[in-house]
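User: I've got a model open and I'd like to check the reasoning behind some of the labels people put on it. Can we go through a few?

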Amino acid sequence: MSYHDISIEYGDQLLNHFIPSGQGNIRVIESPEVNSNITSIEETLVEVLENPIDCLPLKELVNQHYLGSGKKILVIADDNTRPNIHTKILHPLLLNYLIASCGVDKDDLRILIASGTHRPPTDQEIKDRILGEKVFLEYRDNILIHNDQANLVDLGISERETPITINQAAIDACLIIPITDSEYHYFAGVAGTVKQLFPGIAGRITTNTNHTRMFDTELGFTPACRLGNTSDNPVISDMKEMAELVQKYTPVFCIDAILDQGEITLINAGDIISLHEKAKEILFHRRVIKVDQPADLVIISVGKIGINLFQAGKGIHAAWNAAKQPGGTVLLLAPCQDGPGTVGYQETMEAIQDLDLEESLAWVIANKCNQETFRIGNQKPVDTLRILKTLGENNIKILSEMDPVVLKRVYRMDPLPKQKSPLETLRVYLNQFLSENPNALIYIMKDAGLYVIPEEPQSK
């Protein structure tokens with residue numbers, strides 16, 4: 001049998017020749033081609049550091065706030081649940097610039113891993129998946145890992161009555177430098193920039209309270225909390241307000257990258273709020289893909305962030321937008337070697353495993369999604385259940401290393417029958433699917449950050 005020459009990531013593996021040729025209508029959904037003006041990442045970074053958006057140049061901020069202060073400069077890095085292409089490239093360049101061009105003493109630099117509510121990364125993960133070997137070995141003694149339940153400062157409450165807590169190191173520093181990459185986010189609208197502060201280095205009470213803003217008792221999520229939308233979005237608006245407040249205590253100079261097809265194509269620097277707004281504008285033209293009609297099957301990869309089911313769920317959400325509703329199928333490729341990912345997600349799904357979809361959604365909203373009961377992870381059952389309501393039961397398929405019985409019974413996902421290898425498992429499933437649906441429209445999505453919009457109306 002012959003197969004299309006199409007490749008897709010499955011965790012760290014690259015699977016190729018998995019979809020049989022001669023049947024179905026196959027379309028690979030990729031982000032638009034971007035003509036980047038970057039010829040040298042280092043030169044581009046220096047340019048934006050010296051000509052930032054709505055902010056003094058970094059060198060001037062260092063002169064004003066670091067020299068003679070006796071305080072540290074805090075550089076923030078994403079944790080191991082993110083791809084971190086930008087992290088490994090930009091961190092060594094920035095650290096060198098701070099020392100060589102700004103006169104910062106290496107001992108006065110701290111790198112804070114913004115682990116949010118996630119488990120702390122191991123040294124191996126920091127070396128391999130976050131900072132890269134060179135920075136890890138050189139700055140090993142300068143690395144801090146955020147703990148959302150310890151070493152926190154209380155800054156009051158937001159206008160939406162969210163308790164504002166943040167890592168003590170951010171308030172003790174003379175300057176905070178978040179290094180982020182902006183992408184679409186399934187309920188905050190746009191991730192990156194402010195999200196590296198909240199929830200990245202926030203206290204758990206802050207994150208839990210903020211995240212309850214997304215829920216709607218009938219729809220699951222409030223309509224404003226959706227992929228790519230920040231207008232009247234209560235979650236991201238709250239985060240932006242809290243990020244502004246932090247700057248009354250410690251100056252913040254943000255560096256934000258835009259990646260396309262795994263490469264940095266744009267870098268901005270400066271005011272963290274302005275960069276968030278800029279990213280929204282930029283991403284719309286790079287992430288929104290319009291198609292004629294929804295697909296019968298959407299195959300989605302979350303690449304290296306598919307370490308657990310919680311993180312991989314972002315792929316389900318992205319594929320859902322592109323799938324026929326009702327009746328479409330989503331196939332998620334994610335090893336999920338770390339299992340569910342959060343206790344809140346696991347316990348909530350276990351609690352509703354004997355209820356039908358309608359009862360489950362109502363129970364989760366009523367019992368797990370208010371300020372007193374919410375835990376990080378509780379939003380994922382809501383998203384999963386509302387997706388199943390529109391697609392149909394058993395219409396979320398998954399290729400994963402997790403226990404298939406648990407996936408089916410607890411998480412309401414239909415695991416592909418395991419074969420000798422992930423590639424063989426995928427081939428067997430797709431051969432069967434196309435034999436039963438020879439005229440099926442199949443979309444292959446290699447990027448869970450895309451927002452695919454079918455022109456035919458959907459039934460959401």
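Analyst: Sure, here are a few labels and the values behind them; keep in mind that this is a predicted model.

User: Why is asparagine 268 called buried?

Analyst: Its relative accessible area is 14%, and buried means under 20%, so the label fits. Asparagine 268 sits in strand β15, residues 263-270. Leaving out residues up to four places away in sequence, Asparagine 268 touches Val48, Ile53, Cys254, Ile255, Asp256, Leu275, Lys278 and Ile282.

User: How do you know that the buried residues of α2 line one face of the helix?

Analyst: In α2 (residues 58-65) the buried ones are Leu58, Leu61 and Val62. Looking down the axis of α2, they fall within an arc of 100 degrees, so they line one face. As for what they pack against, that's α1 (41-50), β4 (73-78), α3 (85-100) and β9 (175-181).

User: What makes Leu309 stand out in the largest nonpolar core?

Analyst: That core has 95 residues, and Leu309 is one of three, with Phe198 and Met445, that touch the most other members. The largest share of the core, eight residues, comes from helix α10 (residues 309-322). Leucine 309 touches, among others beyond four places away in sequence, Ile398, Met402, Leu407 and Met413.

User: Which residues does the second core include?

Analyst: Among its 39 residues are Leu61, Leu90, Tyr97 and Leu109, and this core is separate. Leu61 is also one of the buried residues of α2.

Methods
Residues numbered from 1 in each chain as written. Predicted model: local features only at pLDDT ≥ 70, side-chain atom pairs only at ≥ 80, totals over all residues. Heavy atoms only, no water. Buried < 20%, exposed > 50% of the residue type's maximum accessible area, 1.4 Å probe, protein only. Helix = DSSP H or I, 4+ residues; strand = E, 2+ residues; numbered from the N terminus. Arc of directions from axis to C-beta. Contact = heavy atoms within 4.5 Å. Core = buried A, V, L, I, M, F, W, Y, C linked by side-chain atoms within 4.5 Å.
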